[in-house]
Amino acid sequence: MPEQPGIDAYAAYLPAYALDDNRLDPTAPARAGGPARSVAGHDEDAVTMAVEALRHVAAATPAGRHLLLATTNAPYEAKTSAGVAHEALGLDPGVTALDLRGHRAGASALDLALRGVATAALADVRTTRPGAPDELAQGDAAAAFVGGRRAAVLLARAGHTAEVLDRWRLPGERHDRVWDERFTAEILVAAGLHTAHRALAEASLDAVDQVVVSSSNPRAAAALRRALGGAGQDAAVERATGFTGAAHPGLLLAAALDEAQPGRTILLLSATEGADAFVLRVGDGVRAARGGPSVRAQLATRQRVGYGRYLRWRGLLDVQGPARPAAPAPAAPPMHRRAGWKYRLEGSRCDACGRVTTPPGRVCASCGIVGAGTATGKVSLRERTARVVSVTRDHLTTMPEPEVAIVVADVDGGGRLSAYATDVAPGDVTVGMAMTPVFRRLWTTDSIHNYFWKLRPAPADAAPGKDTADGQ
């Protein structure tokens, strides 16, 4: 453990889509300047978003440390979802993968990361009933943290538990139930103020340079920001993403670290089922500590998604698909045997000619030499750029889209991939386009999630802010 707890590296992930209009009647007047929510694609869930955040910071996680996935919406119930992320990241088997559940799980996972005993991913996909009053106030996101000192040092922390019926969901239900926020706000504000003052006193501070407040209750969040002297930068991020559940304290902290100057102090307060407060001093290495693009940069490149398309993605609108059988379910034995290819996107490099064979095999696809698939010849393609050499548009897909693009792409450094394109309109995929691998869910059959890697446009080839609302 570090001498003084803190954050060594961090990353945030926002999906490529945003929803700012949930009118069922398109003739109804639009709400100008209203909130927007971050929307995970149809092939994303808490695991895939956690992988996107973790892949920037988790590579050096040593054996003996824990990998935590905090979420309120895990893709599996009895099965440990963090194990899928562990496999996709190619972490040491000695790293223990654990799930933390519930709205408060995000703050708890962050606390353990700050103490240097875990690498933490906070990820959530939030779904409400169509037309719910807070539909645009809920969002999807992920953040990841590794303990250390480069980004920030923990000066003090405090916690307070309060049993309150605020947001809950029974097993088997899809949507949260919410009690009257006016009642629960009083309880969460009292818990939050008490906890924040305790943390400040422990840090020997009367005030901090920046206040960051995350709460499952929007009334409580607004009241706590006013009482603690917050300037509202966190509220601006929340208005653009919605409340992202267990991921929210991590997302708001990442956004604050993106902009903070070394030496500044931050109070992070999470008021959910009680309260957790962290007082941090920004480290000299905060700029180098961030993995991947900043929160602001990701907000600027999102695509607008139409309400009908969003409802199809979430399975909230029952639409007749193509008349074809469902995709087959994967089986446990081949998934285990081929884990290097399926989860880690590993090819095999031939010792004789140096060419990469994908999927990996014992025989080199280039020179025919046997033995190319040995463990020492494995090479990961996850972080490499691939160039499209052919495109096919599938109009009979079983996915909740009218068509998808399937590409064949040559990987820089060797190897060839045949994969679905994602986060891009099929008609916009062109030969020569640069794409990067991204871990996604292909489909779910017989209660088994089939995860694999897709290809999305590399940042320079993406179309920032493109309006996709016409695809309803």
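What follows is a short conversation about aromatic rings and cavities in this predicted model.

Reader: How many aromatic pairs are there by the ring rule?

Author: The count comes to seven aromatic pairs.

Reader: What makes the pair of Tyr-307 and Tyr-310 stacked?

Author: Happy to go through it. Two rings pair if their centres lie within 6.5 Å, and planes under 30 degrees apart count as stacked. The ring centres of Tyr-307 and Tyr-310 are 6.1 Å apart and the planes meet at 15°, so this pair is stacked.

Reader: Where do Tyr-307 and Tyr-310 lie?

Author: Both belong to helix 10, which covers residues 307-313. Tyr-307 and Tyr-310 are three residues apart there, about one turn of the helix.

Reader: Are Tyr-307 and Tyr-310 buried or exposed?

Author: Both Tyr-307 and Tyr-310 are buried. That word stands for a relative accessible area under 20%.

Reader: Which residues form an aromatic cluster with Tyr-343?

Author: Phe-439, Tyr-451 and Trp-453 join Tyr-343 in one aromatic cluster.

Reader: Why is Lys-342 said to lie over the face of Tyr-343?

Author: A good one to ask. For a lysine, NZ has to be within 6 Å of the ring centre and within 35 degrees of the ring normal. Lys-342 lies over the face of Tyr-343, at 5.7 Å from the ring centre.

Reader: Let's turn to the cavities. How many cavities of 30 Å³ or more does the structure hold?

Author: There are two cavities of 30 Å³ or more. The largest cavity has a volume of about 160 Å³, and the second largest cavity holds about 40 Å³ of space.

Reader: What makes a residue part of the lining of the largest cavity, and which residues lie nearest its centre?

Author: A lining residue has an atom within 4 Å of a cavity point. For the largest cavity, 19 residues line the space, and His-42, Glu-401, Ala-421, Thr-422 and Val-424 lie nearest its centre. Helix 10 and strand 19 (404-411) each supply at least two residues of this lining. By class, the lining has 10 nonpolar, three polar and six charged residues.

Reader: And which residues line the second largest cavity?

Author: Among them are Trp-341, Leu-345, Pro-437 and Trp-453; Trp-453 also belongs to the aromatic cluster with Tyr-343. Strand 20 (416-420) and strand 22 (448-457) are the elements that give two or more residues to the lining of the second largest cavity. Strand 22 has the largest share, with four residues.

Reader: How do the residues of that lining divide by class?

Author: In the second largest cavity, the lining has eight nonpolar residues, one polar and one charged.

Key
Residues are numbered from 1 along each chain as its sequence is written. This is a predicted model: local features need pLDDT of at least 70, side-chain atom pairs count only at pLDDT 80 or more; totals for chains, interfaces and linings use all residues. Side-chain values use heavy atoms; hydrogens and water are left out. Rings of Phe, Tyr and Trp (its six-membered ring) pair if their centres lie within 6.5 Å; planes under 30 degrees apart count as stacked, over 60 as edge-to-face and the rest as tilted. Buried means under 20% relative accessible area, exposed over 50%, partly exposed in between (1.4 Å probe, protein chains only). On a 1 Å grid over the protein atoms alone, a cavity is a set of points where a 1.4 Å probe fits but cannot get out, and a pocket is an open set with protein on both sides within 12 Å along at least five of seven lines; lining residues have an atom within 4 Å of a point. Grid points are joined across faces, edges and corners, and a volume is the space filled by probe spheres set on the points. Ala, Val, Leu, Ile, Met, Phe, Trp, Tyr, Cys and Pro count as nonpolar, Asp, Glu, Lys and Arg as charged, and the others, Gly among them, as polar.
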